[in-house]
Amino acid sequence: MTIRVLIADDQMMVRQGFTVLLNAEPGIEVIGQAVNGLDAVAKAAELTPDVVLMDIRMPELGGIEATRRITGPAGATVKVLVLTTFDLDEYVYEALRAGASGFLLKEASADELAQAVRVVASGEALLAPNITKRLIAEFSRVTRAPRPPLKDRVGDLTERETEVLSLIAQGLSNAEIAERLVVAEQTVKTHVSRILVKLGLRDRTQAAVYGYETGLVRPAGY
């Protein structure tokens, strides 16, 4: 199945460059371009892409708010991959909270960009490796306050689902979780689907954010 991509960036050369790079990749097609955040919201509604490549800083409407509007409506299935030249924690954190499924710096190679699109389209989480550590530090900082009992934080999740949520937040794939828990990968997929439904989350990236924000996961060293 071809992954349909919308590129939102206020710089024409960036849009065209990404279009050429992605159209050269098998299984990926750029179906449109947006010149600012408002245009991105309108084009996403009109074209229903699988993935939106979203610049953070744009006129009219910034990428974070545009991401929130695109992913916010009930039933929205569009994935947003945030791209920026600004390697700043607040952007990463706010973009993920707004509904982005991934975050990548514009300095990434063509192969990294294409792989990022595929990963996000498949429903997996994606963070640029060189910003992940600081992102974890930020999550840890905001979750230091006292928390209610664990049962209140995870709602109706079973003990095993809570365990799976914790492993998702730690960045493990379904295959890695299956190996850790000594269960079939399909069983893990079922757990993940139930977690998303029970907590009202749209994908595993949001599940990871939830895991950190509720204090379910506290990274070692922070």
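Helices (H or I, at least four residues) and strands (E, at least two) are DSSP runs, numbered from the N terminus. The model is predicted: local features need pLDDT of at least 70, side-chain atom pairs count only at pLDDT 80 or more, and totals for chains, interfaces and linings use all residues. Residues are numbered from 1 along each chain as its sequence is written, and side-chain values use heavy atoms, with hydrogens and water left out.

**Exercise 1. Describe the chain as a whole.**

Step 1. Take the secondary structure: 11 helices and six strands.

Step 2. Take burial. Buried means under 20% relative accessible area, exposed over 50%, partly exposed in between (1.4 Å probe, protein chains only). Of the 222 residues, 49% are buried.

Step 3. Take contacts (heavy atoms within 4.5 Å). Among those between residues at least 6 apart in sequence, 67% join residues at least 24 apart.

**Exercise 2. Find the largest nonpolar core and place M54 in it.**

Step 1. Define the set: buried Ala, Val, Leu, Ile, Met, Phe, Trp, Tyr and Cys residues joined through side-chain atoms within 4.5 Å.

Step 2. Find its hubs. The largest such core has 26 residues, and A8, V52, M54, V82, A95 and F103 touch the most other members.

Step 3. Trace the suppliers. Elements that each give at least two residues include β1 (3-8), β3 (51-55) and β4 (79-84). Helix α4 gives the most, five residues.

Step 4. List the contacts of M54, leaving aside neighbours within four places in sequence. They are A8, A40, G63, A66, T67, I70, V80, L81, V82 and L83.

**Exercise 3. Characterise the second largest pocket, then K79.**

Step 1. Define a pocket. On a 1 Å grid over the protein atoms alone, it is an open set of points where a 1.4 Å probe fits, with protein on both sides within 12 Å along at least five of seven lines; lining residues have an atom within 4 Å of a point.

Step 2. Size the pocket. The second largest holds about 220 Å³, a volume being the space filled by probe spheres set on the points, which are joined across faces, edges and corners.

Step 3. Read its lining. Of 13 lining residues, K79, S122, G123, L196 and D203 are closest to the centre. Helix α10 (residues 185-199) supplies the largest share, four residues.

Step 4. Turn to K79. This residue lies in strand β4. K79 counts as buried because its relative accessibility is 13%. Beyond four places in sequence, K79 touches D50, V51, V52, S101, V120, G123, R202 and D203.
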